[in-house]
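Hi,

Here is the structure I promised to pass on. Have a look at it first, and my notes follow underneath.

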Amino acid sequence: MNRRDFLLSGAAAIGIIGAAATMLRMGSPQPARAAQAAEKFEVTKTDDEWKAILSPAAFDVLRKQGTEYPGTSPLLNEHRKGIFACAGCDLPVYPSETKFDSGTGWPSFWQEIANGIGKTEDRSLGMTRTEVHCRRCGGHLGHVFDDGPAPTGLRHCINGVALTFKPTTA
């Protein structure tokens, strides 16, 4: 393969990925959302009600399964003791003691708070991943991978905009 063919195939691949991402954002069915639609959540709201209480970025991530740009969340550098909660319904989902620097640009945790999250198979973007959502409101938080540190070996790669932080008072 010559350089021209290589560049053209790379450009085509980028175009296909971009088109797929655009289709997903424009309402094409997403397997994780379809699976969650059958699940009942304690906290339910209409899109208009969610938009009234969430920032546009939080709405995109929590309700439309968007992703924030890596390195943009202030929570990436949050190192105080406390609890990370769902930005949609305030359910505690991650303790600060399990947060670590994964080098990915998103807040990462090796363990969730018991009964805080739900998991769904996500086959979007041509791959299979485990999507993580709030157990109480169904808000999309991120994904979990098996390349994390001991003791669990898991890396919960979470959108910071989907979380709030509550420091522990001494």
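Let me start in the middle: Phe109 stands opposite His156 in E8. That puts us straight into the pairing of E4 and E8, which is antiparallel and runs over two bridges. Strands here are DSSP runs of E with at least two residues, numbered from the N terminus, and two strands count as paired if DSSP finds at least two bridges between them.

Before I go on, the small print. This is a predicted model, with local features kept only at pLDDT of at least 70 and side-chain atom pairs only at pLDDT 80 or more, while totals for chains, interfaces and linings use all residues. Residues are numbered from 1 along each chain as its sequence is written, and side-chain values use heavy atoms, with hydrogens and water left out.

On confidence: pLDDT is the predictor's confidence in each residue, on a scale from 0 to 100. The protein chain has a mean pLDDT of 84, and 77% of its residues reach 70 or more. The stretch to be wary of is residues 15-32, where pLDDT stays under 50. For that stretch the model has 17 contacts beyond four places in sequence, a contact being heavy atoms within 4.5 Å.

**E6, E7 and E8**

Back to E8. Both of its faces are covered: Arg155 and Cys157 on one side, His156 and Ile158 on the other, are all buried. Buried means under 20% relative accessible area, exposed means over 50%, and partly exposed is in between (1.4 Å probe, protein chains only).

E8 also pairs with E7, antiparallel and over four bridges. Within that pairing, Phe145 stands opposite Arg155, and Gly142 has Ile158 as its bridge partner. E7 itself is mostly covered, with five of its six residues buried.

What does Gly142 face in E6? There, Val132 stands opposite Gly142. E6 (residues 129-134) and E7 are antiparallel and share four bridges. The two form a hairpin with five residues between them, and Gly138 in the turn has a positive phi of about 80°.

While you are in E6, click on His133, which lies in that strand. His133 is buried, at 0% relative accessible area. Its side chain makes a polar contact with the side chain of Thr120 at 3.5 Å. By polar contact I mean a pair of N or O atoms within 3.5 Å; within protein, one must be able to donate a hydrogen and the other to accept it, and residues adjacent in sequence count only if both atoms are side-chain atoms. Gln65 is 68 residues away from His133 along the chain, with 9.6 Å between the two C-alpha atoms.

**The three-stranded sheet**

There is also an open sheet of three strands, in the order E2-E1-E9, with antiparallel pairing. Strand E2 (92-95) and strand E9 (163-167) are the edge strands, each pairing on one side only. Neighbouring strands in this sheet are turned by 30° against each other on average, direction ignored; the axes are lines fitted to C-alpha atoms, and angles run from 0 to 180 degrees between N-to-C directions.

E1 (residues 82-86) is joined to E9 by five bridges, again antiparallel. At one of these positions, Gly82 stands opposite Pro167.

Gly82 turns up again around Ser96, a residue in the loop between E2 and strand E3 (99-100). Ser96 counts as buried, at 12% relative accessibility. Leaving aside neighbours within four places in sequence, Ser96 is in contact with Arg80, Lys81, Gly82, Phe84 and Phe165.

**Backbone points to check**

Most residues other than glycine have a negative phi, and most peptide bonds are trans. Three places in the loops are worth a look with that in mind.

- Asp90 has a phi near 70°. This residue is in the loop between E1 and E2 and is partly exposed, with a relative accessible area of 39%.
- Asn115 has a phi near 65°. This one is in the loop between strand E4 (108-109) and strand E5 (117-122), and counts as exposed at 57% relative accessibility.
- The peptide bond from Ala150 to Pro151 is cis, with omega near 10°. Pro151 is found in the loop between strand E7 (140-145) and strand E8 (155-158).

Cheers
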